[in-house]
Amino acid sequence: MKRKLLRRVRGLRRPRRLVLSLVALVVVAGVAGGWLLLRGGEPAAATTTTATVQTQTLKQTVTASGTVAAATTAELSFDVSGTVTAVYVEPGEKVKKGQRLAAIDDDVLQAELDAAESSLTAARTARSQDVADDASEVQLAADDAAVLAAESKLAQAQDAVDDAVLRSTTKGTVTDVGLEVGDTAGSGSVTGSAGSADGSDSGTITVVSTGEFVVDASVASADIEKVSVGLQAELSVSGVDETVYGTVEEVGLVAETDSTGAAVFPVTIQVTDQRDDLFGGTSADVAIVVSQRADVLTVDSRAITTEGDKTYVEKVTDSKTGTTERTEVEVGETSGMATEITSGLSEGDVVEVAGFAGPGGTGGDQKMQQLREQMQQNGGFPGGGFPGGGTGGLPGGGSR
C-alpha cells in the first residue's frame, strides 16, 4: 500500500516538473528573441548613403481615375419609315465612313420624289406662261413662291430617298445590329422580330471608332481649377505595360458625386495616338501634367532636414573620409522623391542621405551565432541539456 501511494506521488510530481520545464523553455525563447531584436542591447544601426545634386524636368500633376471609351460611338437609325429590305453588316465588321449598313423599301418614297419633280415642272411652266402673257407683278410673285415651294418639296423627297439607305457616319467597328429584314423601321424605332413596338434598344446599328479612344475621368473639386483644355495627360491603363499619352479635351463645369459622396468634375482626355491595345470599359489611372519645368536643380528629398525655420542638408566635403558640412538651403516644389533647390547647392554637389538598416550591428550577429552554436552543442539550450535537468531529450527528465 505504501509503495502504491509513493508511485502516485511520483506520478503527480512529473507534470509539475514538465510545466516548470516548459516555462523555462518559453523564457529562454523570449530571451533569445529579444537578443535577436536588440542584438545584445546595442542601439539600432543607422546607415547613410549619398546623392548627387542634379538638374531634371520637374512636373506637377493632378491625379484622377477614369475609364477608357471609344472616341466616337454612333447610334444610327432610319430617319424615314419603311420595311427593312436589306441588312448589309454584322457585329464585329469594320466599316468606312459613308458605307451602307441597311436599306428599307423606297417604292413609296420614290413615287413621292417623282410627284415632287412633276410639281416643280408645272410651277416653272406656269410662271413662264405668265411672264409671256405679261401678267401682273402680284401674279408673278405668286408664281415665284410656288416655284420655291416645289423646289423645297423636291429636296425633301430626294433626302427621303437617300435616307432609305442607312450609312455609317464614321469609320469604325459595328458593335450591335438591332434590326432585321422584314422589320418596319422609321424615325429611330422598329417593330418586328428584332425590335419592340416602342423602339427601345432596337432599330439602331451601333458603330464605334477603331483605334481612337478617350478616357472619361473624374477630378476632385480641390484640383479642378488647375486643369484646362490642352494639358498633357499620362495614362496608366489596366493591361497595358507602357504609358499611354493624351490631352485634356473637355473639362466639365458641373460637379458630380462619386461613390464616396465627394464632389468631382468630369474630364475627358483624348488619347493622342492610334492604338490597338485599348478596349472600351478598361480602367485607367490618370496624371494630368499641370506644370512642367526643365533644368530644375533638385536633390533627393530624404537628404533635406528642417529644424524650426531652417532647412539644411549634410554636404559631403571630403569623399574619402566622408566628412560632411551642414549647409543651409532654400527649397521650392517637390515632385515624387525630388525636391527643388533654389539656393545653397550647385549641380554636382554630393549630399548625405540618412538611412536605417534595422536593429543591432555586427556584434549582435556574432553573439547570436554563438548562442545558436552553443544550443546545438548542448542539445538545444545554453548550459547543457534541457530546462529542469532532463537529459534524455524530454523536459523533466523523461526519455523518448
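**Exercise 1. Start at a turn.** Find the residue with a positive phi in the hairpin of strand 19 and strand 20, and say how the two strands pair.

*Solution.*
Step 1. Gly322 takes a positive phi near 80° in this hairpin, which leaves 4 residues between strand 19 and strand 20. The model is a predicted one.
Step 2. Strand 20 covers residues 323-328. Strand 19 and strand 20 are antiparallel and share 6 bridges.
Step 3. For a facing pair, take Lys315, which stands opposite Glu325 in strand 20.

**Exercise 2. Step back one hairpin.** Describe how strand 18 meets strand 19.

*Solution.*
Step 1. Locate the strands: strand 18 spans residues 305-307, and strand 19 spans residues 310-318.
Step 2. They run antiparallel, joined by 3 bridges. Thr305 faces Tyr312 of strand 19.
Step 3. Look at the turn. It has 2 residues between the strands, and Gly308 there has a positive phi of about 65°.

**Exercise 3. Follow strand 22.** Which strands does strand 22 bridge to, and in which sense?

*Solution.*
Step 1. Begin with strand 21, residues 330-335. It runs antiparallel to strand 22, with 4 bridges between them. Thr334 stands opposite Thr339.
Step 2. Strand 21 and strand 22 form a hairpin with 2 residues between them. Gly336 sits in the turn, its phi positive at about 65°.
Step 3. Now turn to strand 17, residues 283-300. It is joined by 3 bridges to strand 22, residues 338-343, again in an antiparallel run. Here Thr298 stands opposite Glu340.

**Exercise 4. Order a sheet.** Give the strand order of the open sheet of 4 strands, then name its edges.

*Solution.*
Step 1. The order is 3-11-8-5, and the pairing is antiparallel.
Step 2. Strand 3 and strand 5 are the edges, since each pairs on one side only.
Step 3. Check one edge. Strand 5 (94-95) has 2 bridges to strand 8, residues 172-177. Val95 stands opposite Gly172.

**Exercise 5. Find the core.** Which elements supply at least two residues each to the largest nonpolar core?

*Solution.*
Step 1. This core has 28 residues. Phe78, Leu101, Ile205 and Val207 have the most contacts inside it.
Step 2. Strand 3, strand 6, helix 2, helix 3 and strand 11 each supply at least two. Helix 3 gives the largest share, 6 residues.
Step 3. Set this core apart from another, of 24 residues, which includes Leu231, Leu235, Val244 and Val271.
Step 4. Look at Val207. Beyond residues up to four places away in sequence, it touches several residues, among them Val95, Leu101 and Gly172.
Step 5. A general point fits here: in soluble globular proteins, nonpolar side chains tend to be buried together.

**Exercise 6. Walk along helix 2.** Compare the span of helix 2 with its expected value, then say what its buried residues pack against.

*Solution.*
Step 1. Helix 2 has 26 residues. From first C-alpha to last it reaches 38 Å, close to the 38 Å expected at 1.5 Å a residue.
Step 2. Its buried residues are Leu109, Leu113, Ala116, Leu120, Ala123 and Asp130. They pack against helix 3.
Step 3. After helix 2 comes Asp134, with a positive phi near 55°.

**Exercise 7. Place one glycine.** Is Gly281 buried or exposed?

*Solution.*
Step 1. Gly281 lies in the loop between strand 16 (263-271) and strand 17.
Step 2. Its relative accessibility is 59%, and the cut-off for exposed is over 50%. Gly281 therefore counts as exposed.
Step 3. Its contacts beyond neighbours within four places in sequence are Thr67 and Val68.
Step 4. Asp216 is 65 residues away in sequence, yet 10.0 Å away in space, C-alpha to C-alpha.

**Exercise 8. Judge the whole model.** What is the mean pLDDT of the protein, and where does the pLDDT fall below 50?

*Solution.*
Step 1. The mean is 80, and 73% of residues reach 70 or more.
Step 2. Residues 193-201 have pLDDT below 50, with 18 contacts in the model beyond near neighbours in sequence. Residues 360-369 are also below 50, with 14 such contacts.
Step 3. Add the overall counts. The protein has 4 helices and 23 strands. Of its 400 residues, 31% count as buried.

Conventions: Residues are numbered from 1 along each chain as its sequence is written. Side-chain values use heavy atoms; hydrogens and water are left out. Two strands pair if DSSP finds at least two bridges between them. Buried means under 20% relative accessible area, exposed over 50%, partly exposed in between (1.4 Å probe, protein chains only). Contact means heavy atoms within 4.5 Å. A nonpolar core is a set of buried Ala, Val, Leu, Ile, Met, Phe, Trp, Tyr and Cys residues joined through side-chain atoms within 4.5 Å. pLDDT is the predictor's confidence in each residue, from 0 to 100. The expected span of a helix is 1.5 Å times one less than its number of residues.
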